[in-house]
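Trainee: Got a minute to go through this model with me? I'd like to start with polar contacts.
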Amino acid sequence: IVPILFDDTKDKVIKEAKKIKEDLKELNALLDIREDYSPGWKFNEWELKGIPVRIELGPKDLKKKEVIVVRRDTGKKQSVKIAQLKKFLPKLLDDIQKSLFRSAKKKLEESIVLVKNFEDFKKAIKEKKLVKANWCGTESCEDWIKDKADGAKSLNAPFKEKATGKCVQCDKKATILMYFGKSY
């Protein structure tokens, strides 16, 4: 919660901001009443810290008995009545969580590349992709892959998919389908 403070309305705004913080204690709401920083500076600081929702309260909002709620993930601002805030925020936080999950899942799925040969394997690693490949499961083969594919290593195996065919490196019968990747 970032109150917008002016000398003539400061006490009223801070008093209401403290009430809002108390109403939202189950959500671990934070109140920033530091006066030596501008509201813009505070907005930026809390965004960098990863706070998912910012609540702005100024004198004009106080007169309307509402606050401005800003989503960190989209930057969308909306006015919400103070009386509705306690019901509104859990739904908003749930929506933010679902939105971030969908976005992360899409990004992950777009970064996985199924490869059939070692040339495609190396190309995908250079493009910073997560490689899914058939593998024989031997330590010597993994060491060779690490050496020839710029440090790529086995990460984990998909639960429901099984290996079919030959190892991406040595052409032995694959025993496992494996994700390979590189730390950057």
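Mentor: Sure. A polar contact is a pair of N or O atoms within 3.5 Å. Keep in mind that this is a predicted model.

Trainee: Which backbone oxygen lies 2.6 Å from a polar atom of the Asn134 side chain?
Mentor: That of Thr164. Asn134 itself sits in strand β6, residues 130–135.

Trainee: Is Asn134 buried or exposed?
Mentor: Buried, because its relative accessibility is 10% and the cut-off for buried is under 20%. Asn134 touches several residues distant in sequence by more than four places, including Ala163, Gly165, Cys167 and Ile176.

Trainee: Switching to cysteines. How many disulfides does the count come to?
Mentor: Zero. Cys136 is in none; its nearest cysteine sulfur, that of Cys170, is 3.7 Å away. Cys141 is in none either, with the sulfur of Cys167 at 3.5 Å. The cut-off is 2.5 Å.

Trainee: And Cys141, buried or exposed?
Mentor: Buried, at 3% relative accessibility. Cys136 is buried too, at 8%.

Trainee: OK, salt bridges. How many?
Mentor: The count is 18. One of them pairs Glu35 with Lys10, closest N and O atoms 3.1 Å apart. Glu35 is in the loop between α1 and α2 and Lys10 in helix α1, so the pair ties together parts 25 residues apart in sequence.

Trainee: What does Lys132 pair with?
Mentor: Glu161, at 3.0 Å, N to O. Glu161 is in the loop between β7 and β8, Lys132 in strand β6, 29 residues apart. Lys132 is buried at 12%, whereas Glu161 is partly exposed at 35%.

Trainee: Which residues do shared partners join into one network?
Mentor: Asp32, Arg34, Lys42, Glu45 and Lys49.

Terms used: Residues are numbered from 1 along each chain as its sequence is written. This is a predicted model: local features need pLDDT of at least 70, side-chain atom pairs count only at pLDDT 80 or more; totals for chains, interfaces and linings use all residues. Side-chain values use heavy atoms; hydrogens and water are left out. Helices (H or I, at least four residues) and strands (E, at least two) are DSSP runs, numbered from the N terminus. Buried means under 20% relative accessible area, exposed over 50%, partly exposed in between (1.4 Å probe, protein chains only). A polar contact is a pair of N or O atoms within 3.5 Å; within protein, one must be able to donate a hydrogen and the other to accept it, and residues adjacent in sequence count only if both atoms are side-chain atoms. Contact means heavy atoms within 4.5 Å. A salt bridge is a side-chain nitrogen of Lys or Arg within 4 Å of a carboxyl oxygen of Asp or Glu.
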